[in-house]
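Hi,

Here is the structure I said I would pass on. Could you have a look at it in your viewer before you read my notes below?

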Amino acid sequence: MDNCIACHICEEMCPADAITIKTDSSSNIGRFNASDIEIDPEKCMYCKICQKVCPEDAIKAVCTTCMDSENIPPVEITGNVVLDEISCVNCSWCENICPSNAAHTLKPFKGEVLLQENEEEDKLCTGEACHACLDVCPCNAITLTDNHMTVNDDVCVLCGACEKACPQKILSVDRTSMELSNIKSKSWQNILGSLID
């Protein structure tokens, strides 16, 4: 729990809605106490997605009744996955958290998001006082760490929404290449078309 940075990723990514994070004015900014995080054992499927997505390795799923306490056997779930190709932006969250490595995505761009702060021109990330980039990111790729934005390159699709939303104009998206063969979303086709034009 000491490693928790209050990013809420475990709560957001839990497929069973078994994790609840309580925040109030008494909570320390950027940190949680054990009493602030609730896990509903009736809902938890022990799929370990929370453990896998935690950026600080603050979560560990262990068996309290079996002899091999370090390993919880994977839960067998049957069913079908239905992908809405129109809405999908190929962010690769599903690929990164899938416990059986069954999901595969192809991102539309390669490159990086650059944070170009300049103290002399008073262009600095204001973190919690703004969080415009975090609010507009369609991929939940941005987190606030130590009151500064950080980008999870594994899920960022370099769409440029953060760059346009930043009131300080200190974000820039540097795209080095494009991949068009796997793009089926109409919204992405429109965006890519405008970039090519």
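One definition to start with: helices (H or I, at least four residues) and strands (E, at least two) are DSSP runs, numbered from the N terminus. Please keep in mind that this is a predicted model.

**Overall layout**

By that scheme, the chain has six helices and six strands. From start to end of the sequence they run α-β-β-α-α-β-α-β-β-α-β-α. The chain has 197 residues, and 31% of them count as buried. If you take the contacts between residues at least 6 apart in sequence, 61% join residues at least 24 apart.

**The loop before β3**

I'd start with the loop between α3 (93–97) and β3 (109–115), where K107 sits. P108 is in this loop too. How accessible is P108? Its relative accessibility is 0%, so P108 counts as buried. In space P108 comes to 6.8 Å from V157, C-alpha to C-alpha, though the two positions lie 49 residues apart in sequence numbering.

K107 is the residue I'd look at in some detail. Which side chain of opposite charge is nearest to K107, and how far away is it? That is D154, at 6.1 Å. A salt bridge needs a side-chain nitrogen of Lys or Arg within 4 Å of a carboxyl oxygen of Asp or Glu, so K107 is left buried with no salt bridge. A polar atom of the K107 side chain does, however, lie 2.9 Å from the backbone oxygen of C156. Leaving out residues up to four places away in sequence, K107 touches N90, C91 and S92, then D153, D154, V155 and C156, and also E179.

Right at the start of β3 there is a charge over a ring: R175 lies over the face of F109, at 4.8 Å from the ring centre. As for ring-to-ring pairs, a search of the whole structure turns up zero aromatic pairs.

**Strands β4 and β6**

I142 is in strand β4. Is I142 buried or exposed? Its relative accessible area is 8%, so I142 is buried. Beyond its neighbours within four places in sequence, I142 is in contact with C133, L134, C137, M149, T150, V151 and C162. I142 and C7 are 135 residues apart in sequence, with their C-alpha atoms 9.8 Å apart.

S172 belongs to strand β6 (residues 171–178). S172 also counts as buried, because its relative accessibility is 15% and the limit is under 20%. Its contacts, again without the neighbours within four places, are E112, V113, L114, Q116 and E163.

**Other loop positions**

P138 lies in the loop between α4 (132–136) and β4 (142–145). With a relative accessible area of 47%, P138 is partly exposed. Its contacts outside the four-place window are C159 and A161. P138 and C91 have 8.7 Å between their C-alpha atoms and are 47 residues apart in sequence.

D57 is in the loop between α2 (49–53) and α3. D57 has a relative accessible area of 63%, which means that it is exposed. Its C-alpha is 7.2 Å from that of N3, and the two are 54 residues apart in sequence.

**Two positive phi angles**

Most residues other than glycine have a negative phi. Two residues here go the other way, and it may help to take them as a pair. D17 has a phi near 50°, and L158 has one near 55°; neither residue is glycine.

Their surroundings are as follows. D17 is in the loop between α1 (9–13) and β1 (19–21), and D17 is exposed, with a relative accessible area of 54%. L158 is in the loop between β5 (148–151) and α5 (161–165), and L158 is buried, with a relative accessible area of 4%.

If you want one place to begin, I'd go for K107: buried, without a salt bridge, and with a side-chain polar atom 2.9 Å from the backbone oxygen of C156.

Cheers

Technical notes: Residues numbered from 1 in each chain as written. Predicted model: local features only at pLDDT ≥ 70, side-chain atom pairs only at ≥ 80, totals over all residues. Heavy atoms only, no water. Buried < 20%, exposed > 50% of the residue type's maximum accessible area, 1.4 Å probe, protein only. Lys, Arg positive; Asp, Glu negative; His and termini not counted. Polar contact = N/O pair within 3.5 Å; in protein donor to acceptor, adjacent residues only side chain to side chain. Contact = heavy atoms within 4.5 Å. Phe/Tyr/Trp six-rings, centres within 6.5 Å; stacked < 30°, edge-to-face > 60°. Lys NZ or Arg CZ within 6 Å of the ring centre and 35° of its normal.
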